[in-house]
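Colleague: Could we go through this model together, one question at a time? I'd like to hear the reasoning as well as the result.

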Amino acid sequence: MTDLDGKCITLGVTGGVAAYKAAELVRLLGKAGARVRVVLTGAGARFVTPVTFQALSGNPVWTDLWDPRASNNMAHIELSRDADAIVVAPASADFLARIAHGLANDLLTTLCLARPRAGVEGAARDCPLLVAPAMNVQMWENPATRRNMDVLRQDGVVVLGPGSGDQACGETGMGRMLEPEELLDDIVAAFLPALLAGRRVLLTAGPTFEPLDPVRGLTNSSSGRMGYALARAAAEAGAQVTLVSGPVSLAAPRGVRRVDVTTAREMHAAVMERLAGQDVFIGVAAVADFRPAEFAVRKIKKGAARLTLDLVANPDILAEVAVRPDRPLCVGFAAESENLDAYAEAKRRAKGLPLVVGNLVHEALGREDSTVVLFDDAGRHPLPPGPKMEVARRIIAHIAAMMPRRAPV
Ligand SMILES: Cc1cc2nc3c(=O)[nH]c(=O)nc-3n(C[C@H](O)[C@H](O)[C@H](O)COP(=O)(O)O)c2cc1C
């Protein structure tokens with residue numbers, strides 16, 4: 001199953017230089033399983049022609065409010081009624097101003113105004129509207145645009161970005177449209193339930209590296225993928241996420257605050273410093289149990305036929321967090337090479353953890369897919385095997401269900 005399987009997305013493309021990136025977005029949405037119908041404004045069609053979008057989406061492209069191909073001649077109704085979401089990328093300053101004021105003077109603004117909204121009479125469901133602004137920094141910072149964005153947010157429109165950086169006009173600053181891959185992540189997240197809204201989650205991920213001399217050290221084969229997938233899944237679920245990461249070659253998931261560390265002791269310090277106020281702590285990192293007792297300032301030279309390393313124990317971060325009186329909900333990982341049930345449950349009890357995610361090393365470390373079993377007070381819960389992101393979302397859903405309910409405000 002893909003992230004947007006069976007979803008129908010109406011993609012509006014307005015008149016901005018970033019319209020060329022919308023072509024890649026169509027491709028990514030299609031690859032993620034969505035059916036995409038593109039609506040181009042008149043200005044949008046000056047930047048990229050309908051032919052490109054038709055070829056990439058495999059569907060006819062819509063440009064005209066008066067298009068006779070629509071049932072009852074009402075393209076604006078057809079394109080909003082059976083859409084699971086309306087996404088406008090790029091969204092020009094002009095388009096944003098018009099929808100902030102309820103204008104309906106072309107096909108795209110009219111279908112946005114006509115979109116079904118939950119709770120409104122006659123609407124069987126909600127059709128969320130997501131906009132990805134793209135414009136020059138002066139246009140973005142203009143008080144008129146600021147006012148329009150406030151109105152749109154109050155109206156429940158989801159605003160994706162914009163980012164900051166070099167702009168087509170030669171200036172630098174806020175107003176760059178997010179990259180197509182980033183937009184895809186945000187669109188996928190918009191379809192997921194906000195199970196951890198308002199919660200704070202702290203995670204560790206990746207291996208640690210314990211230096212032995214200036215060029216060597218002790219580490220392990222953890223890729224960090226599971227920890228990063230969990231960080232992303234927690235952020236998708238609406239949590240404020242901090243990820244303390246050992247050395248890995250992965251990019252931080254969007255919206256996740258990443259703290260880079262190398263050794264187990266650095267990871268320990270980074271976690272303790274950030275623990276206050278967290279609702280959940282997930283120890284995914286494969287922390288080295290031992291480190292060299294001595295660090296050789298100069299490279300250890302080849303010579304003797306045998307070299308003995310003296311190792312000392314590293315702090316047990318998870319165990320330490322789990323016994324604190326102000327502990328958040330603590331989740332551990334048990335990567336075992338055999339006897340998964342017995343070892344994972346023993347670890348859970350020894351450290352007093354409400355939840356342990358167990359997996360067999362040959363089925364997990366360094367791989368794309370994951371097979372895990374959850375152990376909690378209610379017993380063992382095997383999750384369906386699948387890509388790490390899918391498994392991560394299920395683990396986050398399980399954690400969310402374990403969270404103490406909050407008093408209504
Ligand atoms: C070369 C060129 C580039 C433009 N780039 C942008 C842009 O990046 N963002 C924006 O908001 N407007 C941009 N505009 C202005 C819009 O195209 C103009 O406001 C238009 O009315 C938008 O119409 P639409 O929202 O119906 O697509 C650009 C105009 C030109 C001529």
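Colleague: Which residue with a positive phi follows α10?

Modeller: In this predicted model, helix α10 covers residues 225-236. Just after α10 comes a residue whose phi is positive, near 100 degrees, and that residue is Gly-238.

Colleague: How far does α10 reach from its first C-alpha to its last?

Modeller: The helix has 12 residues, and at 1.5 Å a residue the expected span is 16 Å. The modelled helix comes close to that expectation, with a reach of 16 Å.

Colleague: Is α10 largely enclosed or largely open, and how many of its residues are buried?

Modeller: The buried residues include Arg-225 and Glu-236 as well as Met-226 and Leu-230. They pack against several elements, among them α9 (180-190), β8 (200-205) and α14 (388-402). The helix is largely enclosed by the rest of the structure because its buried residues number 12 of the 12.

Colleague: Thanks! Now to strand β4: is Pro-133 buried or exposed?

Modeller: Pro-133 sits in β4, residues 129-133, and its contacts beyond four places in sequence include Ala-91, Trp-140 and Val-159. A residue needs 20 or more C-beta neighbours within 10 Å to be called buried. Pro-133 has 31 inside 10 Å, so it counts as buried.

Colleague: And which helix gives the largest share of the shell around the ligand?

Modeller: The ligand is surrounded by 15 residues, with Thr-14, Gly-15, Gly-16, Thr-41 and Ser-92 the closest. Two helices, α2 (42-47) and α5 (93-100), each supply at least two residues of that shell. The largest share, three residues, comes from α5.

Methods. Residues numbered from 1 in each chain as written. Predicted model: local features only at pLDDT ≥ 70, side-chain atom pairs only at ≥ 80, totals over all residues. Helix = DSSP H or I, 4+ residues; strand = E, 2+ residues; numbered from the N terminus. Expected span 1.5 Å × (residues − 1). Contact = placed C-beta atoms within 7 Å. Near = placed C-beta within 6 Å.
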